[in-house]
Amino acid sequence: MDNLDMKEIEATVESILFASGEPVAIDRICTATELDYNTIKAVLQRLMDYYSFERRGIRLVRMEDSYQLCSAPEYADTIRKAFEIRKPAKLSQPALEVLTIIAYYQPTTRAYVDQIRGVDSSYTVGLLLDRHLIEECGRLQVPGRPHLYRTTKTFLRSFHLNSLEDLPEMPGLEADGQLRLDENGGLVENVSSGE
């Protein structure tokens, strides 16, 4: 494939991403362009590198197997001024707690979140749903069939994560997924198995 063809492919992929305004799966780009996965993956990487290296006003962001064109974070204040947008409201401590539990234990139920926190989380779960940081992803097959929740691509984008594997290791998390708490209810820092 000569250089001209590659430029045309890059322009085609770029136009798909721009027109979407939302994350676009690689498979969808492959289908639209009739090109193989590895070619599209290479084109996406070239575009990511180009926007970053050239310090353009946009960035190509990867979220698992999807990509989205976004404004460069260093221009957020200027963009807000241009559109007279207020800074997004920060998440409260309870909202961060609920979001953390869902991120690390997903899919999970509100009852499980309540059990870990020791308080009712229904309002906070509703807030996180409204902000599209979490979503319903089915029901647990037990009496009452409670909703299961997981994080969204908006969550990944908001916290600058490519995938859930990028989440930091949670202190106090046992290999079986249970938290270890000290006598005061605080998280116990992870220690190596040899200690």
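This passage goes through the predicted model from the overall fold down to single residues.

The ground rules are short. Residues are numbered from 1 along each chain as its sequence is written, and side-chain values use heavy atoms, with hydrogens and water left out. As this is a predicted model, local features need pLDDT of at least 70 and side-chain atom pairs count only at pLDDT 80 or more, while totals for chains, interfaces and linings use all residues.

On confidence (pLDDT is the predictor's own score for each residue, from 0 to 100), the chain averages 83, and 83% of the residues score at least 70. The weak spot is residues 188-195, where the pLDDT is below 50; this stretch still has 15 contacts in the model beyond near neighbours in sequence, a contact being heavy atoms within 4.5 Å. Where pLDDT is low, the predicted coordinates should not be read in detail.

The chain has 8 helices and 6 strands, taken as DSSP runs (H or I over at least four residues for helices, E over at least two for strands) and numbered from the N terminus. Their order, starting at the N terminus, is α-β-α-α-β-β-α-α-β-α-α-β-β-α. Of the 195 residues, 27% are buried; here buried means under 20% relative accessible area, exposed means over 50%, and partly exposed is in between, with a 1.4 Å probe and protein chains only. The accessible surface (Shrake-Rupley, 1.4 Å probe, with only the protein chains shown counting as cover for residues) comes to about 12900 Å², and carbon and sulfur atoms hold 52% of that. Looking at contacts between residues at least 6 apart in sequence, 42% join residues at least 24 apart.

Helix α7 (residues 122-130) buries Thr 124, Val 125 and Leu 128. These residues sit on the same side of α7 because they cover an arc of only 100 degrees around the axis, the arc being that of the directions from the helix axis to the C-beta atoms. The face turned away from that buried side carries the exposed residues Tyr 123 and Asp 130. Cover for the buried residues includes α5 (93-105), α6 (110-117), β5 (134-139) and β6 (147-151). Just after α7, His 132 takes a positive phi of about 60 degrees. His 132 also turns up among the contacts of Thr 152, along with Leu 133, Ile 134 and Glu 135, once neighbours within four places in sequence are set aside. Thr 152 itself lies in the loop between β6 and α8 and is buried at 10% relative accessibility.

Over in α5, Ile 101 is buried too, at 8% relative accessibility. Leaving out residues up to four places away, Ile 101 touches Gln 106, Val 113, Ile 116 and Arg 117. With Arg 117, the C-alpha to C-alpha distance is 9.0 Å across 16 residues of sequence. Gln 106 also leads into a cis peptide bond to Pro 107, with omega near -10 degrees; Pro 107 is in the loop between α5 and β4 (108-109).

In strand β3 (residues 66-71), Gln 68 is buried, with a relative accessible area of 7%. A polar atom of the Gln 68 side chain lies 2.9 Å from the backbone oxygen of Gly 21. Beyond four places in sequence, Gln 68 touches Gly 21, Glu 22, Pro 23, Arg 59, Leu 60, Val 61, Met 63 and Arg 157. Met 63 has a C-alpha 8.9 Å from that of His 160, although 97 residues separate the two along the chain. His 160, in the segment after α8 (153-158), is exposed at 67% relative accessibility.

Helix α4 (residues 76-83) lies largely in the open, since the number of buried residues among its 8 is 0. Glu 84 follows α4 and has a positive phi, near 50 degrees. Two more residues other than glycine take positive phi values: Glu 34, near 60 degrees, and Arg 55, near 55 degrees. Glu 34 lies in the loop between α2 (26-33) and α3 (37-53) and is exposed at 71% relative accessibility. Arg 55 is in the loop between α3 and β2 (58-63), exposed at 58%.

Finally, the structure holds 0 disulfides, counted as pairs of cysteine sulfur atoms within 2.5 Å. Cys 30 is buried, with a relative accessible area of 11%, whereas Cys 137 is partly exposed at 24%.

Note on methods
A polar contact is a pair of N or O atoms within 3.5 Å; within protein, one must be able to donate a hydrogen and the other to accept it, and residues adjacent in sequence count only if both atoms are side-chain atoms.
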